[in-house]
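Grab a pencil and open the structure viewer. Let's work through a few exercises together, one step at a time.

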Amino acid sequence: MDTDVGIAGAGPVGLLLAAELCLAGVRPIVLERLPAPSEQPKARGIGVLAAEALRRRGLGPALDHEHDKGLAALAREHGTTRTHFAWIHKIDPDTADPGRHGALIGQPALERLLRGHLAELGVEVHFGHTVTGWAEDPDSVTLTLDTPTGTRRITAGHVAGCDGGHSTIRKLAGFGFPGTAPLMTVRYAQARVRERDQLPPPGRLPGGTLFHEEGVVATFDFTDPTADRSGALSADEVRESVRRVTGVDVVVEDFQGGLRFTDQARQVDAYRRGRTVLAGDAAHVHSPNGGQGLNLGLTDAVNLGWKLAATVRGADDALLDSYTAERHPVGAAVLHNTRAQSALLAPGAHVDALRDIMGDLMDLPEVNRYLARLLSGVGHRYPVPDSGAHPLVGTHCPPLTVGGAPLEQLTTDGRPLLIHPAADGSGLGDRVKAVRAAVADDERLSSVLVRPDGVIAWAAAPGAVPDHEALRTAVDHWFPV
Ligand SMILES: Cc1cc2nc3c(=O)[nH]c(=O)nc-3n(C[C@H](O)[C@H](O)[C@H](O)COP(=O)(O)OP(=O)(O)OC[C@H]3O[C@@H](n4cnc5c(N)ncnc54)[C@H](O)[C@@H]3O)c2cc1C
């Protein structure tokens, strides 16, 4: 066997999964088709849960640095730093969950940060290595690779497909990928529009939505949802789409490249088949509206990393299956809200009316908060086996102070963490790192057991007698090896 885990794809999700595996004691092989890192501008930011996951690994200062630049750019382009639902820019994420923030960071900068983090853990990315074949037997998976020095084969105990929306692993391993067909084709070009002053201001128009700023033009084109997407985007194609959406014929010049994608919404039925797992866009695709793809994919990676590492060490498959049980509903919820956003972007007087009403509703604090939490996923609770558990069990732990320091300073090693003013963790073996301290900042908690992905596995409320039997059960359940 060449490796315990082979990872296809060194996008943000593959990089973070590789790092999480390393922290949990498993060194993966990371295979990337591109000859060198991509500088393609895609996502401009990550949501609360992904940002908190990276902060728990010590990457907070780098995120803060990028965030300040991103805020300034957002204010310049949209006249507000509020986020949007279906391009109605009214959502105030800061009041939804005070103290919990996403981070505005461009995807190339994020990937650089994650590559640096992974390099510090001693793992290199094999660029120019395209996975072209996959074959599973009872003990391993064999991957065929197209490499700069010819065809190679490697065997891995498990394979993680983090190879994006067109995932080769997903197709070769036979995952079902049901969902809904697109309503629109999005074309996002880095280019100059010669007669830009003749274009209407960015916004919704009879054929779709137009966005333009210096050096960028994008169309959300509802007139050709099933456009041919096989070739690279061209300046002529962008010009045609601008004409269909706006009725204005312009010259698109200084074309530096771009992206073409749709709002089709699809998700695999299960995130694991045998020895193969999927994460990120390989497991779910949807429109980028609301900026949720990275948040979803990076949270997949942190949910999966420690579980897959435990499986390598001999944990029962039930632990790995909890990855699907926990993450599939979250992905389904994102697909659901992106479909609603597509519907709200469709052209026409009826949708204009609906958007006006939606905009008014978003002025109501409760609605604003509801939408902010819908997009961030902060309110989601994973299935909890113990019906009597503390209400925060199954949710992502908010930032806490422990012994005067932020919790994230205790989690850089990726170990399960028990914070308890009395217990020293004795009897729990070395499966958890126990810190004798009280939790501050949250009046709902006195003691807490936090999984490596930041999810609360057990908790006690202030004034309540901590249920140590339930604590032991939680440790046995989540950290069996
Ligand atoms: C215009 C745009 C704006 C967006 N904005 C946001 C946003 O603001 N916020 C947000 O959260 N999300 C946003 N998204 C979505 C986000 O970019 C994706 O969800 C994210 O890139 C998914 O990461 P990933 O690692 O799963 O996949 P990818 O980033 O696609 O990475 C997959 C990697 O696998 C490699 N690969 C593919 N096939 C193979 C193979 N056979 N062998 C080896 N390697 C392979 C690819 O080269 C690639 O490097 C946006 C997307 C677009 C297009």
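Before we start: buried area is the accessible area (1.4 Å probe) that two parts lose on being put together, summed over both. You're looking at a predicted model, where local features need pLDDT of at least 70 and side-chain atom pairs count only at pLDDT 80 or more, while totals for chains, interfaces and linings use all residues. Residues are numbered from 1 along each chain as its sequence is written, and side-chain values use heavy atoms, with hydrogens and water left out.

**Exercise 1.** Work out how domain 1 and domain 3 meet, and what area is buried between them.

Step 1: find the domains. The assignment (bounds from an automatic or database source) gives domain 1 as 3-178 + 266-376, domain 2 as 185-262 and domain 3 as 401-478.

Step 2: look at the contacts, meaning heavy atoms within 4.5 Å. Here 13 residues of domain 1 touch 11 residues of domain 3.

Step 3: get the area. About 1100 Å² is buried between domain 1 and domain 3, and carbon and sulfur atoms give 55% of that. On the domain 1 side, R56, R57 and W306 supply 56% of the area buried against domain 3, more than any other three residues.

**Exercise 2.** Find the salt bridge between domain 1 and domain 3, then say which helix gives the most residues to the domain 1 side.

Step 1: apply the rule, a side-chain nitrogen of Lys or Arg within 4 Å of a carboxyl oxygen of Asp or Glu. The count between these two domains is one.

Step 2: check a pair. The side chains of E326 and R451 form a salt bridge, at 2.8 Å from N to O.

Step 3: list the elements (DSSP runs numbered from the N terminus: helices are H or I, at least four residues; strands are E, at least two). Those giving two or more residues to the side of domain 1 that touches domain 3 are α1 (12-23), α8 (293-312) and α9 (317-345). With four residues, α8 gives the most.

**Exercise 3.** Is N303 buried or exposed?

Step 1: place N303, which sits in helix α8.

Step 2: use the cut-offs: buried is under 20% relative accessible area, exposed over 50%, partly exposed in between (1.4 Å probe, protein chains only). N303 has 0%, so N303 is buried.

Step 3: see who surrounds N303. Not counting residues up to four places away in sequence, N303 touches Y323, E326, R327, Y382, R451 and D453.
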